[in-house]
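Student: Could you take me slowly through one helix of this structure, and then show me how its surroundings connect to the rest of the chain? I would like to see what lies around it before we move outwards.

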Amino acid sequence: MFAMTPNDTLASTAAASPHGAANPEISHSAALPNRAYTSYDEWLKERDTVIAQTWAGLGFSSDIAEPGSVFPIMFMGLPLVMVRDQQGRARVFHNVCRHRGMQLVAEAGDAGLVIRCPYHKWGYDLSGQLKTTPNIGGMGVHEVAGFDCADHALNSVRCDESMGVVFINLSGDAPALPAHLEPLLSRWRELAGPEFDQQLIADAGEFGSMELVLNSNYKLAVENYCESYHLPFVHPDLNTYSPLDAHYNLTVDPLASGQGTRVYDLNRGDSGPLPQFSEWDRERLKTAEYLSLYPNVLLGIQADHFFVILLLSEAVDQTRERLQFYYAESDGVGDSYRERRESLHAAWSTVFAEDISVVEGMQRGRASPAFDGGLFTPLMDVPTHHFHQWFLSRFERNTTRAVS
Ligand code: FES
Ligand SMILES: [Fe+2]
């Protein structure tokens, strides 16, 4: 049986509202100011304080599927590269040669055993060690006195994988990723089975992913995802089969907030149901939950599929959304379920496309000096308030730490 947590607003006030507990105290809480969404300087400060101190999503494990795979990404202005090493471990490096600062990897692909700089052809192994320095002592002489390759490994970034996502911790001193994710994973292990997160099968096929670019700060996508208040007006079709009053608020301290529904329909459409997670709580097959895992990972869990959206902040006012679908069993990505995967992909594409105009509209609104962060309504904005509290407490704490 699923145990409700003290943070579960459904648990505390199921009788009061389908959504959960109203909290009038949040109405006048501090909210993020416009500059948190519009200022380039604030964006960099946020990266080096709030985001650096925690775990952020960088890419998918499937981006670096095989030993030798490399995948470059600009992360909030930082050139990084994900690498799968020879032992099968994910690694992340600053994507810059130790010699003259050339970008090392320009395109995703297979580097083989060596990542070679395009400029003077220095070669790094997949663990980032500098191994070869052609002509460093003159033509045909590959060593020189006073230069030791062992002193010039690539600068690495702490990383770990969970739910098919490569996470990074730029500061290097956050708690280990499994401990960080524990409040969220323990909630969903009770719902979906104790090993659901180990069993996810990424769909590498035609309907396995999607990508969108939003002209907005990534935090507005987080905020829009974690509330269901906009359902009737922004997603009128979705609201016919998963209406607002079937949703409830969720807060998972300290790292996530969102919403759930009690009426997810496994049999919707005429293409037949997908395989379900074998240990999903049978009493709650119609439960589905959608959580914004701060700062930049959006998650959706249903009895027959799972998805992750990475919000990659490419500029203070531009965000790339990368979505990956996962299924409960390898059969789920086979030919017999192709039609069902296609219809799921189409349904979610419609929903996420409908969100674009409101997220971009909120970004445009933040050019107005007449807007001061707005307000949080006592019931519907509980998840959004939770995100702002998370952000503000870390921004203040880490800015203070950086200054002192
Ligand atoms: S800049 Fe990379 S080898 Fe010179
Ligand atoms: Fe939406």
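**A bent helix and its surroundings**

Tutor: The cover over the buried residues of helix α4 includes β9 (156-162), α5 (196-199), β13 (247-252) and β16 (297-301). Please keep in mind throughout that you are looking at a predicted model. The residues of α4 that are buried are His180, Leu181, Arg187, Trp188 and Ala192. When you look for them, it helps to remember that an α-helix has 3.6 residues a turn, so residues three or four places apart point the same way. The helix itself covers residues 177-192, and at proline 183 it bends by about 55 degrees. Just after α4 comes glycine 193, which takes a positive phi of about 115 degrees.

One of the covering elements, β9, leads us to a sheet elsewhere in the chain. This sheet is open and has seven strands, arranged in the order β1-β10-β9-β4-β3-β2-β5 with antiparallel pairing. At its edges stand β1 (56-60) and β5 (109-110), each of which has a single partner strand, so one side of each is left without a neighbour in the sheet. For β5, follow the contact with strand β2 (residues 69-75): the two run antiparallel and are joined by two bridges, and valine 70 has glycine 109 in β5 as its bridge partner.

Now step back to the division of the chain. Domain 1 is made of two stretches, 9-52 and 176-403, while domain 2 is the stretch 57-160. The C-alpha centres of the two domains lie 34 Å apart, and where the domains meet, 13 residues of domain 1 are in contact with seven residues of domain 2. On the domain 1 side of this meeting place, α3 (40-51) and β17 (306-315) each supply at least two residues, and α3 gives the most, with four residues. Sorted by class, that side of domain 1 has eight nonpolar, three polar and two charged residues.

The interior also links the domains. The largest nonpolar core has 96 residues, and those with the most contacts inside it are Leu58, Val81, Met82, Val92 and Val166. The element that gives the most to this core is β17, with seven residues, and the core draws at least three residues from each of domain 1 and domain 2. Valine 92 shows what such contacts look like: leaving aside residues up to four places away in sequence, this valine touches Leu58, Leu80, Met82, Ser156, Val157, Cys159, Val166 and Ile168.

Let us follow β17 a little further, to its partner β18. These two strands form a hairpin with two residues between them, and they run antiparallel, joined by nine bridges; within this pairing, leucine 310 stands opposite arginine 322 in β18. Strand β18 (residues 318-327) is mostly covered, as seven of its 10 residues are buried. Strand β11 (residues 201-202) also runs antiparallel to β18 and is joined to it by two bridges, with tyrosine 327 in β18 as the bridge partner of isoleucine 201. A further antiparallel pairing, this one over six bridges, is between β12 and β18.

In strand β12 (residues 209-214) you will find methionine 210, which stands opposite leucine 323 in β18. Is this methionine buried or exposed? Methionine 210 is partly exposed, with 17 other C-beta atoms within 10 Å, because a residue counts as buried at 20 or more and as exposed at 12 or fewer. Not counting residues up to four places away in sequence, methionine 210 touches Leu323 and Ser349. To place it against a distant part of the chain, take glycine 77: the two residues are 133 residues apart along the chain, and their C-alpha atoms are separated by 23 Å.

To end with another helix, compare what you saw in α4 with α6 (residues 218-226). Nine of its nine residues are buried, so α6 is largely enclosed by the rest of the structure. They are Tyr218, Lys219, Leu220, Ala221, Val222, Glu223, Asn224, Tyr225 and Cys226.

How values were computed. Residues are numbered from 1 along each chain as its sequence is written. Chains are lettered from A and ligands numbered from 1 in the order in which they are written. This is a predicted model: local features need pLDDT of at least 70, side-chain atom pairs count only at pLDDT 80 or more; totals for chains, interfaces and linings use all residues. Domain bounds come from an automatic or database domain assignment. Two residues are in contact if their C-beta atoms, placed from the backbone, lie within 7 Å. Ala, Val, Leu, Ile, Met, Phe, Trp, Tyr, Cys and Pro count as nonpolar, Asp, Glu, Lys and Arg as charged, and the others, Gly among them, as polar. A nonpolar core is a set of buried Ala, Val, Leu, Ile, Met, Phe, Trp, Tyr and Cys residues joined through C-beta atoms within 7 Å. Two strands pair if DSSP finds at least two bridges between them. The bend at a residue is the angle between axes fitted to the seven residues ending there and the seven starting there.
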